[in-house]
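User: Please take a close look at a single part of this model, one central sheet strand or a comparable element, and describe its surroundings in one connected account. Please explain each term as it arises.

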Amino acid sequence: MAPAEAAAAGRPPGLARRGSAALFRRPWLRGALTLTPPLAWFVLIYLAALVVLFVSAFWTVDPFTGDIVHNWTLQNFRTLIDSDTYHSIALRTIGLAAAVTITDAILAFPFAYYAARLAPRRLQTVLFVLVLLPLWSSYLVRVYAWRLILAHDGALNWSLDKLGIGNLNVGYSNWAMWIVFSYIWLPFMIMPIWAAIERVPDSYLDASGDLGARGWTTFRRVLFPLALPGIAAGSIFTFSLTLGDYITPQLVGGASSDFIGNVVYRSVGVANNVPFAAAFATVPLIVMAIYLAVARRMGAFEAL
Amino acid sequence: MSILGFRLRRLWRPAMICVVALGSVALATAGCGGSSNKSSGSKLPTKIGKGEGALNLIAWEGYTKPDWVKPYESQTGCQVHAKFGGSSDEMVTLMRQGGGGQYDMVSASGDASLRLIKGGDVQPVNVDLIPDWQNFIPQLKSPPTNTVDGKHYGVSLQWGPNVLIYDPSKVSPAPTSWSSVYDGKYKGKLTVPDNPIQIADAALYLSKTQPALGITDPYELNQKQLDAAAALLTKQKGDVKKYWALASDEIDLFKNGDVVIGAGWPYQTITLQDAKVPVKDLIPKEGATGWLDTWMLSAKAKHPNCAYQWMKYISTPKVQAQQALSFGETPANTKACAEMDKQQKGGCKRYHADAPASYFNSIKFWKTPVADCGNGKTDCTDYTVWQQKWQEIKG
């Protein structure tokens, strides 16, 4: 017997080896060990914050000292329900989020279709880079750029003036917000639709043609239904990103352009009324929950 | 996704238990953390000690220009970190956030200072350590906005009116009345501050144009008077291009030709004129609201010596004159008049540093509206009501 073998046989197996053996025998332990760190992070940082948010919505603030009064009350929610102001702010937010989503879907679909099915390989790469390029620059810079474009003496009016069309008064208005939001979130709509269209096998389209369907019918009855989950997935991004934004309304919005986010921001940062901010912040949460439920039915999650 | 969903379902129950347990822990902490000790029973310092090397300020935009901050830093070794507050409300909130102590001082206006004193967010200061305090105009040595029960909660700084700014090339004839911002003549070309205290500006205008309402003080409004002011402002909203939150917003709006008339501070006028934008400002015939600012010391200031050195420095005639000329306001220190003339010909007269007491008294200085507005009247609307009204007006 060689000395090394003798030593290995005589010594009890190492800790690492015993550990890995235990893990091998008990799959549940393996799962628990790998899942615990991310799950702890998720629960502690993410869900606990949501719970605190929801609970503090039932508190109030002492107006003079600014201290939080820990009495359970529905007052914040009552204010939200009774006041026309907050109705119109919530409706403006949801309405604009929907408008931006539809606009982006209309803009993104033809582009994604061309990029995925018609463009040659080299061009595809170029288009891919072009779509993602704006995301490399800061969101704020892009919004400020739009502010300069849309201002009264800005690039847009200057160009229109040179063309002899006259002035367009869209700076600092809901129109400005619609334009800027649609621009900023467009890549998030293009990418999922692109992926969905790319995934449709050529054989499906060939089969459709073999069965006598013309181009338009094939598009309407084969390609579009298969791309729909992609649109639904993209709409989750554009809708939720618009719904939660408050910087764009602040920078390019007009006199009555407050979003839910602006009221939340001011309630926390200016009025020091965290409970009311928490109460209003539950509105987009509920809207998003409903939206996700609908998107799931449309198969958006399979397309992600 | 579907595979993941299957795994997730098996994990759902234990995860849920964790959420509930951790959630209740977080709740308990939040509940305990809410109550803080806000009383400060410390004795006043009798001398200024060695600086702590830093000073954190909440200031109005334009109050911490390098022109006078740099010399202070090199003299004292205290590095100044300034955050701009866009409104008095924001300043009060910043002073209170994180249990206070994040900032050492705040340049509080009269509509914030009493709230900070009552809330225990600021502490009394020893004015004997600020030699120039003796040279302040009599009204600003112990004004009711920063002195309560004989205790000084900071030193007065500067004061001035909220003015009507306009572009003379687009607005003619030159306006003489605040009616120019209410009559809709400049629809879509108007900007006003995004600030609930703007209600007082409307009330001041109504007190002159609709005497039947019986408004005597624009900060003491009963429900009917408040509703009248709110109605005027709601009508005005149709004409507003944008409500400005920071002075730089209003400057951008005038620069890019988005607005031609608006309410603002002399600071915007001076900055725009420096940028060769031809604007003018005036105090219209109805008078004006105004500000009266105080450097206040946080109850939990981490750099009190630097703060005292700042109060001492900012009150000296030269610095007072610098800030007055740069912002377009009137210094508290009477000795600053000569300095202003030295730095800019006719500067003293231009910014009213030599004006009689009647000029000071003609400005309706910002103060916090409270329900109990004196003279046995308790039917006034308080600031919370004003904030709600402002939100309703902006919709």
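Analyst: A strand and its sheet in chain B

Of the contacts in chain B with a separation of 6 or more, 71% are between residues 24 or more positions apart; two residues are in contact if their C-beta atoms, placed from the backbone, lie within 7 Å. This is a predicted model, in which local features need pLDDT of at least 70 and side-chain atom pairs count only at pLDDT 80 or more, while totals for chains, interfaces and linings use all residues. Residues are numbered from 1 along each chain as its sequence is written, and chains are lettered from A and ligands numbered from 1 in the order in which they are written.

Chain B has 14 helices and 14 strands; helices (H or I, at least four residues) and strands (E, at least two) are DSSP runs, numbered from the N terminus. Of its 395 residues, 48% are buried. A residue is buried if 20 or more other C-beta atoms lie within 10 Å of its own, exposed if 12 or fewer, and partly exposed in between, with C-beta atoms placed from the backbone.

The part chosen here is strand 8 of chain B, residues 190-193. B:Leu190 and B:Val192 point one way from this strand, B:Thr191 and B:Pro193 point the other way, and all are buried.

Strand 8 belongs to an open sheet of 5 strands in chain B, with the order 9-8-10-7-11 and mixed pairing; two strands pair if DSSP finds at least two bridges between them. The edges are held by strand 9 and strand 11 (280-282) of chain B, each with a single partner strand, so one side of each has no neighbour in the sheet. On average, neighbouring strands of this sheet are turned by 25° against each other, direction ignored. Helix 7 of chain B (residues 247-255) packs on the sheet and touches strand 8, strand 9 and strand 10, its direction making about 150° with that of strand 9. Axes here are lines fitted to C-alpha atoms, for helices over the stretch in contact, and angles run from 0 to 180 degrees between N-to-C directions.

On one flank, strand 8 runs parallel to strand 9 (residues 240-244) of chain B, with 4 bridges joining them. There, B:Leu190 has B:Val240 as its bridge partner. Strand 9 is largely enclosed by the rest of the structure, because 5 of its 5 residues are buried.

On the other flank, 2 bridges link strand 8 to strand 10 (residues 261-264) of chain B, and these strands also run parallel. B:Leu190 stands opposite B:Ile261 in strand 10, and B:Thr191 stands opposite B:Gly262.

The loop between strand 7 (163-166) and strand 8 of chain B holds B:Pro173. The peptide bond from B:Ser172 to B:Pro173 is cis, with omega near 0°. Most residues other than glycine have a negative phi, and most peptide bonds are trans.

Elsewhere in chain B, B:Asp149 is not a glycine, yet has a positive phi of about 55°. B:Asp149 lies in the loop between strand 4 (147-148) and strand 5 (151-152), and counts as exposed because it has 6 C-beta neighbours inside 10 Å.
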